[in-house]
Amino acid sequence: MKIVVCIKQVPDTKGGVQFNPDGTLNRAAMLTIMNPDDKAGLEAALRIKDQTGAEVTVVTMGLPKAADVLREAMAMGADKGVLITDRVLGGADTWATSTTIAGALRGMEYDLIITGRQAIDGDTAQVGPQIAEHLNLPIISYAEDIKVEGDSVVVKRQYEDGFHMLKAKMPCLITALSELNEARYMTPGGIFDACDAEITTLGRADLIDVDDSNIGLMGSPTKIARASDKVRKGAGEKFTPDTADEAAKIIVDALKTKHII
Amino acid sequence: MDFTLSKKHEMARQLFKDFAENEVKPLAQEIDEEHRFPRETVEKMAKAGFMGIPVPKELGGQGCDPLTYAMCVEELSKVCGTTGVIVSAHTSLCVDPIQTFGTDAQKAKYLPDLCSGKKLGAFGLTEPGAGTDAQGQQTKAVFDEATNEWVLNGSKCFITNGKEADVYVIIAVTGKIEKRGRVQKEISAFLVEKGTPGFTFGTKENKMGICASSTYELIFTDCRIPADAILGAKGKGFGIAMHTLDGGRIGIAAQALGLAEGALETTINYVKERKQFGRSIAQFQNTQFQLADMATKVEAAKLLVYKAAMKKAQYQQDHKTSYSVEAAMAKLCAAEVAMEVTTKCVQLHGGYGYIKEYDVERMMRDAKITEIYEGTSEVQRMVISANLLK
């Protein structure tokens with residue numbers, strides 16, 4: 001069995017968000033981590049590998065330094081890493097990204113593709129489903145639990161007020177939630193092996209059935225007008241009422257002022 | 001000379017740091033107060049591959065180098081000195097001598113389980129009358145030809161991982177030899193498994209620091225172990241013990257380094273927040289100069305520790321290389337820096353530094369032992385000066 005996990009290197013928001021003068025993210029200046037949903041997807045794949053001996057390949061698209069996130073995944077136990085990188089692919093939105101990744105996946109063998117639900121930098125949750133659409137694969141999103149049964153997967157899908165149990169024949173694509181599991185640590189030996197391992201690098205020329213009009217900045221229908229850090233909330237207002245009744249009145253008045261009640 | 005860490009070492013450091021922050025730090029105060037061995041952390045470290053870092057993969061280890069191992073002990077000790085020494089005693093004092101002196105059968109029997117963390121290791125050299133004077137051993141091993149067994153009698157004290165370990169490297173007297181006209185004890189090393197009849201535990205030591213570490217007396221009363229449990233050749237035990245302690249010193253130096261770094265990091269954060277006379281104490285020149293001195297000493301200790309670890313890697317390639325002096329210098333320096341830095345950090349914390357809720361209180365208590373075990377600072381000076389005057 002062959003599993004491909006799509007992962008993304010995202011800014012570590014714990015270190016603060018930094019912007020370029022044009023409003024885009026200054027990725028070079030920020031610490032990076034493996035996107036949490038993707039990490040859960042990788043862990044799910046590695047658990048299937050532990051049970052069945054499946055081969056796990058991790059794929060990412062980004063700048064050459066995105067190879068770091070592949071090495072991290074390989075240090076956790078992934079067998080191979082594939083980096084899709086090319087100047088003409090830069091500035092891609094979800095459409096151009098999914099088109100590109102699907103173009104790379106067409107040249108790879110897989111029974112199961114796992115992606116994270118969404119990346120913490122864009123929060124779109126679009127790339128996984130779009131890849132499935134490009135490759136004409138069944139998709140199960142928001143996976144909380146994944147089990148392999150013969151040539152099918154049985155997935156518990158998170159839903160607003162409950163969950164769905166869904167079964168799909170492979171090949172198919174699953175998008176994973178960070179709640180799915182607690183990801184394992186890298187191992188020291190895994191790190192040494194991952195740093196010595198060869199990473200396959202793919203460029204524009206390696207993408208299959210992809211039109212130039214659908215890649216990079218030019219192929220991205222999304223135009224970002226402005227990006228900003230989250231606005232800080234005010235310090236609030238402090239009251240020191242003497243009685244419970246007085247406190248209740250302050251709260252009720254405040255709610256009335258805001259037309260909440 | 002390149003002081004930049006490789007990508008491998010940078011990644012490994014990040015791993016150890018993340019693990020220490022997430023898994024070790026939250027328990028550090030609790031296990032210290034309860035004097036409780038953190039079995040759950042050992043299990044997590046086993047899963048993450050921390051129990052056989054510098055051992056080749058074919059022997060069941062992680063296939064990394066001594067520097068990676070030292071960084072692991074350092075990062076763990078930044079948040080918990082006890083957890084650092086559990087890994088250090090296991091790896092340096094039990095896994096390493098088996099890897100270096102064991103027969104193929106002994107390596108195959110013990111190393112996979114020790115490196116995977118399924119089993120924990122310990123080392124017994126010290127006795128009530130044989131500390132720095134390691135030749136003063138009283139524990140005896142007598143060979144019983146009738147049963148083809150060694151019979152151990154005696155006791156070992158202050159043994160780290162004492163009651164928690166499964167495999168013990170035990171040093172004992174096996175006879176007398178004449179050397180340069182003087183009669184000396186013939187010393188040999190043995191592998192003893194927990195549960196062997198006649199092998200029991202004495203008192204648990206109630207210590208000043210590294211309180212969660214399991215420090216016990218080991219007692220051998222007609223303890224019979226098979227003939228093939230001897231490690232290395234008969235009579236080679238003293239050399240094995242000294243070699244083992246050379247390596248162990250790198251681990252303890254890394255523990256001391258971690259304690260000093262941890263205390264310094266904690267104190268840097270504290271002095272920025274603590275206000276006296278209307279401003280943070282970080283704004284006082286006394287604080288600034290003390291931090292600068294401490295950071296400089298910590299950096300010097302770090303370079304010595306890393307150099308000793310790298311020298312040990314050279315030894316593994318070529319056994320003619322010695323890392324004994326480098327290990328002694330690293331331990332001497334790092335241990336004394338740890339004691340000085342943690343003491344000053346407590347002082348910079350003022351009254352709060354004396355309170356157990358503040359990490360520096362524990363770190364100062366933990367630091368003291370690094371000047372004592374696996375060769376006191378005085379022994380390190382003896383090793384270093386002997387090399388200068390030879």
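## Ile210(B) and its loop

Ile210(B) sits in the loop that links β6 (199-204) and β7 (216-226) of chain B; helices (H or I, at least four residues) and strands (E, at least two) are DSSP runs, numbered from the N terminus. Its phi is positive, about 30°, although Ile210(B) is not a glycine. Is this residue buried or exposed? Ile210(B) is buried, because 28 other C-beta atoms lie within 10 Å. (Buried takes 20 or more such atoms within 10 Å, exposed 12 or fewer, partly exposed lies in between, and C-beta atoms are placed from the backbone.)

This is a predicted model, where local features need pLDDT of at least 70 and side-chain atom pairs pLDDT 80 or more, while totals for chains, interfaces and linings use all residues. Residues are numbered from 1 along each chain as its sequence is written, with chains lettered from A and ligands numbered from 1 in the order written.

## Chain B overall

Chain B carries 10 helices and 10 strands. Its C-alpha atoms fill a box of roughly 80 × 45 × 40 Å along the principal axes. What radius of gyration goes with its 390 residues? Chain B has 21 Å, which agrees with the value near 21 Å for a compact globule of that length (taken over C-alpha atoms; the rule is 2.2 Å times the number of residues to the power 0.38).

Of the 390 residues in chain B, 53% are buried. Take the contacts in chain B between residues at least 6 apart in sequence: 73% of them join residues at least 24 apart. Contact here is C-beta atoms, placed from the backbone, within 7 Å.

## A hairpin and the core

In chain B, β4 (residues 167-179) and β5 (residues 182-193) run antiparallel and pair over 12 bridges; pairing takes at least two DSSP bridges. Glu178(B) stands opposite Val183(B) of β5(B). The two strands form a hairpin with two residues between them, and Arg180(B) in the turn has a positive phi of about 45°. β5(B) also pairs with β8 (residues 230-231) of chain B, antiparallel over two bridges, and there Ala189(B) has Leu231(B) as its bridge partner.

Phe190(B), which belongs to β5 (residues 182-193) of chain B, is also a core residue. Which members of the largest nonpolar core touch the most others? Out of 183 residues, they are Ile174(A), Phe190(B), Ala260(B), Val305(B) and Ala334(B). (Such a core is a set of buried Ala, Val, Leu, Ile, Met, Phe, Trp, Tyr and Cys residues joined through C-beta atoms within 7 Å.) Beyond its neighbours within four places in sequence, Phe190(B) is in contact with residues including Ala141(B), Trp150(B), Ile225(B) and Leu231(B).

## The sheet of chain A

Over in chain A, nine strands make an open, mixed sheet in the order β9-β8-β7-β10-β6-β1-β4-β5-β11. Its edges are β9 (162-169) and β11 (200-202), each pairing on one side only. Direction ignored, neighbouring strands are turned by 30° against each other on average. In the middle of that order, β1 (residues 2-6) and β6 (residues 112-116) of chain A pair parallel over four bridges, with Ile3(A) bridged to Leu112(A). Helix α3 (residues 94-105) of chain A packs on the sheet and touches β1, β4 (55-61), β5 (80-84), β6 and β11; its direction makes about 145° with β4(A). (Axes are lines fitted to C-alpha atoms, for helices over the stretch in contact; angles run from 0 to 180 degrees between N-to-C directions.)

Just before one edge strand, Ile199(A) lies in the loop between α5 (188-196) and β11 of chain A. Ile199(A) counts as partly exposed because it has 17 C-beta neighbours inside 10 Å. Ile199(A) and Lys80(A) are 119 residues apart in sequence but 7.1 Å apart in space, C-alpha to C-alpha. Leaving out residues up to four places away, Ile199(A) touches Ala67(A), Leu70(A), Gly81(A) and Leu83(A).

## Backbone oddities in chain A

Met170(A) and Pro171(A) are joined by a cis peptide bond, with omega about 5°. Pro171(A) is in the loop between β9 and β10 (172-176) of chain A.

His259(A), a non-glycine residue, has a positive phi near 60°. His259(A) is in the segment after α6 (244-257) of chain A, and it counts as exposed because it has 6 C-beta neighbours inside 10 Å.

## Where the chains meet

How many residues does each chain put into the contact? Chain B gives 14 and chain A nine. On the chain B side, the largest share, six residues, comes from helix α1 (residues 7-34).

Note on methods
Two residues are in contact if their C-beta atoms, placed from the backbone, lie within 7 Å.
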